Amino acid sequence: SYAEVASMAEMTKDVTQNNYMPPWPPDPNYTNHELLDQRYLTEEEKTLISNWVDQGYPQGDPSLEAPIPSFPSGSAVGDPDYVFEMESDYFIEGNNMDDYRVFVFPTGFTEDTYIKSIEFRPDNREAVHHAIMMIDVTGTAAQLDADSPDVLGYESFGGFSLDGVSPNDYVFLGGYAPGMNPIVWNGELGMKIPAGADLLCQIHYAPSSIDEWDKSSINIFTKPASEVEREVQMKMWLRLDLEISANTETEVEACLNFSNSFADMYGPGPIYQFGQPTGFYGEQNCELPEDWSLLGILPHSHLMGTSWEVYAETPEGENLPIIKIPNWDFDWQGFYYPEYMQHIPAGSRIEAIATYDNTSDNDMTWGELTTDEMFFCPIYYIPYEEGDENIYLGIDTQTSISENITNSIEIFPNPAKDEI
């Protein structure tokens, strides 16, 4: 309300002028495409706020005040087709240590099921740092869960601890971090959950000195198989040979490598699956084997990370900017989706540059703990088809508008235009 904003007017001016708020790490000027759900202020908007505060923050016409937003408690997407909830509350010990826990939900699906969205709903928002969700069709995770019947789920710091399981037997579905909105795969896009699969959710509970309880849940929104003509895929991009020397500022470069089927390092070395070494390869191949339509990306570091830049270099030498985060912030991160699919031609190299500031007296390497470090960058994509650049990835209401609105209507609130 106006009264609430006015009571914090001076602070609002300060945090918007120094770009502390609203939290939006990507550089909006780096690419020639917009990202979904962008939350940043232009210089004109920041000046407008500053001038309003300097003028004594007058209220204006109360009849034009915007309604208070509604934040639904059950879902930000709508009514889910399936809700998977923990059997009971999970106890989080207040021992100032990270707690990575995998919870297993049998789907009971008797046939392949296609989803248009998956939504993690944190119960204890102070305790849940982030969550990642995937599918297991081997029963391995269910057995790990059964091996510890006295406690909910099983501990796993190295991904999901599915040792020896082929990457073809699981599917990464998505993740959650504070501030993220779940993606909705519209039109002919969808992700497949195979029949008989288990839904896995790894939750990272942040270190705390206070005992906590959590009973988070997952919403799944499905769509008929007949509507899914293009299945969304993901490439997991890791740099597990990460070494950051003590008292240094380190720049790490890597290309998305197609020398093996899953996790990739820059140059010869071991093959990893969620942190577990499974073999070796000696040849680096960073050229895309086919044209891609890029759908989403998640650059990820920990506390020492200071910046990210991801771009594609085409066979003709053209640079296609994908995302740049000049001031990496561990507290504000998530998947980023372009408003329209981004075409990456076959033969291109997708490159990433991440920087780290290690002011401690200890060398730092890859690890799952908050106090370890990571170079991790999953990418959603589909094989490119002509016209993908014109496909909007947000919630598309254009059809209903064109079908139902024939005359101009009054718009509320109304500081900008009288009608549309």
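# Strands, core and backbone of a predicted model

Colleague: In which sense do β8 and strand β12 run where 2 bridges join them, parallel or antiparallel?
Modeller: This is a predicted model, and in it strand β12 covers residues 230–231. One bridge partner pair is glycine 190 with glutamate 231 in β12. With 2 bridges joining them, β8 and β12 run parallel.

Colleague: Over how many bridges do strand β4 and β8 pair?
Modeller: Strand β4 spans residues 113–121, and tyrosine 114 has lysine 192 in β8 as its bridge partner. The sense of the β4 and β8 pairing is antiparallel, and the number of bridges is 3.

Colleague: How many of the 5 residues of strand β8 are buried?
Modeller: Strand β8 runs over residues 189–193 and is mostly covered. A residue counts as buried when its relative accessible area is under 20%. In β8 the number of buried residues is 4.

Colleague: Which strands stand at the edges of the open sheet that holds β8?
Modeller: This open sheet has 5 strands with mixed pairing, in the order β1-β11-β4-β8-β12. An edge strand here has a single partner strand, so one of its sides is left without a neighbour in the sheet. The edges are therefore β1 (82–85) and β12.

Colleague: What is the bridge partner of valine 83 in β11?
Modeller: Strand β11 takes in residues 217–223, and its pairing with β1 is antiparallel over 4 bridges. In β11, the residue bridged to valine 83 is asparagine 219.

Colleague: What is the order of the open sheet of 4 strands with antiparallel pairing, and what is the average turn between its neighbouring strands?
Modeller: The order is β13-β24-β18-β21. β13 (233–235) and β21 (342–344) each have a single partner strand, so they are the edges of this sheet. With direction ignored, neighbouring strands are turned against each other on average by 45°.

Colleague: Which residue in β21 stands opposite tryptophan 292?
Modeller: β18 and β21 run antiparallel and are joined by 3 bridges. Opposite tryptophan 292, the residue in β21 is isoleucine 344.

Colleague: How many helices and strands does the protein have, and what share of its residues count as buried?
Modeller: The secondary structure comprises 5 helices and 24 strands. The protein has 420 residues, and the share that count as buried is 46%.

Colleague: What share of the contacts in the protein with a separation of 6 or more is between residues 24 or more positions apart?
Modeller: A contact here needs heavy atoms within 4.5 Å. Among those with a separation of 6 or more, residues 24 or more positions apart account for 81%.

Colleague: Which strand gives the most to the largest nonpolar core?
Modeller: The largest nonpolar core has 94 residues. Those touching the most other members are Trp237, Trp308, Val310, Ile350, Phe375 and Tyr380. The strand giving the most, with 6 residues covering part of 128–136, is β5.

Colleague: Which cysteine is joined to cysteine 255 by a disulfide?
Modeller: The count comes to 1 disulfide, with an S to S distance of 1.7 Å. Cysteine 255 counts as buried because its relative accessibility is 1%, and its partner is buried too, at 2%. That partner is cysteine 286.

Colleague: How many residues apart are cysteine 255 and cysteine 286?
Modeller: Cysteine 255 belongs to strand β15 (residues 248–255). Cysteine 286 is in the loop between β17 (276–281) and β18 (292–297). The pair links distant parts of the chain, and the separation in residues is 31.

Colleague: Which peptide bond is cis, with omega near -5°?
Modeller: Most peptide bonds are trans. Proline 22 lies in the loop between α2 (9–17) and α3 (43–54). The cis bond is the one from methionine 21 to proline 22.

Colleague: Is aspartate 37 buried or partly exposed?
Modeller: Aspartate 37 is in the loop between α2 and α3, and its phi is positive, about 60°, although it is not a glycine. Its relative accessibility is 48%, so aspartate 37 counts as partly exposed.

Colleague: What is the relative accessible area of asparagine 96?
Modeller: Asparagine 96 sits in the loop between β2 (90–92) and β3 (99–106). Although not a glycine, asparagine 96 has a positive phi of about 60°. The residue is exposed, with a relative accessible area of 53%.

How values were computed: Residues are numbered from 1 along each chain as its sequence is written. This is a predicted model: local features need pLDDT of at least 70, side-chain atom pairs count only at pLDDT 80 or more; totals for chains, interfaces and linings use all residues. Side-chain values use heavy atoms; hydrogens and water are left out. Buried means under 20% relative accessible area, exposed over 50%, partly exposed in between (1.4 Å probe, protein chains only). A disulfide is a pair of cysteine sulfur atoms within 2.5 Å. Two strands pair if DSSP finds at least two bridges between them. Axes are lines fitted to C-alpha atoms, for helices over the stretch in contact, and angles run from 0 to 180 degrees between N-to-C directions. A nonpolar core is a set of buried Ala, Val, Leu, Ile, Met, Phe, Trp, Tyr and Cys residues joined through side-chain atoms within 4.5 Å.
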